Amino acid sequence: MIRIMIVDDETDIEPLFKQKFRKELKSGELDFHFAFSAEDALNYLKTAHAADIVLILSDINMPGMNGIELLRILKTDYAHLKVFMITAYDD
């Protein structure tokens, strides 16, 4: 099973991902953990769940800690994790 963390302050992305990957989720190929802030993502990883995560997809523009700040921490404390940064903005 591939476990992916999605970090985005927009909660409406959760049903979108679950719909798009419904077959993979049902078969057990994929599992998602949704964190709706960078702080929530870090708290989840600190509770010994970092080993379960293979990939993090993180929004860049979020209130509070933004995705770039999160990326700096992830690369220092969780260097083994693959991180893709995503954004809806073209700047």
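Is D31 buried, partly exposed or exposed? Hold that thought for a moment while we look at the model as a whole. What you have here is a predicted model, with a mean pLDDT of 93 for the protein and 98% of its residues at 70 or more. Among the elements, helix α2 (residues 22-27) comes out with the highest mean pLDDT, 97, and helix α3 (residues 38-49) with the lowest, 91.

Now find the sheet. It's an open one made of 4 strands, and if you walk across it you meet them in the order β2-β1-β3-β4, with parallel pairing. The strands at the edges are β2 and β4 (82-86), each of which has a pairing partner on one side only. From one strand to the next, the twist averages 20°. As a reminder of what holds such an arrangement together, strands of a sheet pair through backbone hydrogen bonds, in either a parallel or an antiparallel way.

Zoom in on β1 and strand β3 (residues 55-59): this parallel pair is joined over 4 bridges. If you want a spot to click on, try M5, which stands opposite I56 in β3.

Next, the helices that lie on the strands. Helix α1 lies across β1, β2 and β3, and runs at about 175° to β2. Helix α3 also lies across β1, β2 and β3, here running at about 150° to β1.

On to the charged side chains. In general, side chains of opposite charge can pair when their charged atoms come close. This structure holds 2 salt bridges. One of them brings us back to D31, which forms a salt bridge with R3, the closest N and O atoms being 2.9 Å apart. This pair links distant parts of the chain, since D31 sits in strand β2 (residues 30-35) and R3 in strand β1 (residues 2-7), 28 residues apart. And the opening question? D31 is partly exposed, because its relative accessible area is 22% and the buried class means under 20%.

K18 and E14 form a salt bridge too, with 2.8 Å between the closest N and O atoms. Here the partners belong to one helix: K18 and E14 are 4 residues apart in α1 (residues 13-20), so about one helical turn separates them. Both ends of this bridge have some accessible surface. K18 counts as partly exposed at 40% relative accessibility, and E14 is partly exposed as well, with a relative accessible area of 23%.

Technical notes. Residues are numbered from 1 along each chain as its sequence is written. This is a predicted model: local features need pLDDT of at least 70, side-chain atom pairs count only at pLDDT 80 or more; totals for chains, interfaces and linings use all residues. Side-chain values use heavy atoms; hydrogens and water are left out. pLDDT is the predictor's confidence in each residue, from 0 to 100. Helices (H or I, at least four residues) and strands (E, at least two) are DSSP runs, numbered from the N terminus. A salt bridge is a side-chain nitrogen of Lys or Arg within 4 Å of a carboxyl oxygen of Asp or Glu. Buried means under 20% relative accessible area, exposed over 50%, partly exposed in between (1.4 Å probe, protein chains only). Two strands pair if DSSP finds at least two bridges between them. Axes are lines fitted to C-alpha atoms, for helices over the stretch in contact, and angles run from 0 to 180 degrees between N-to-C directions. Contact means heavy atoms within 4.5 Å.
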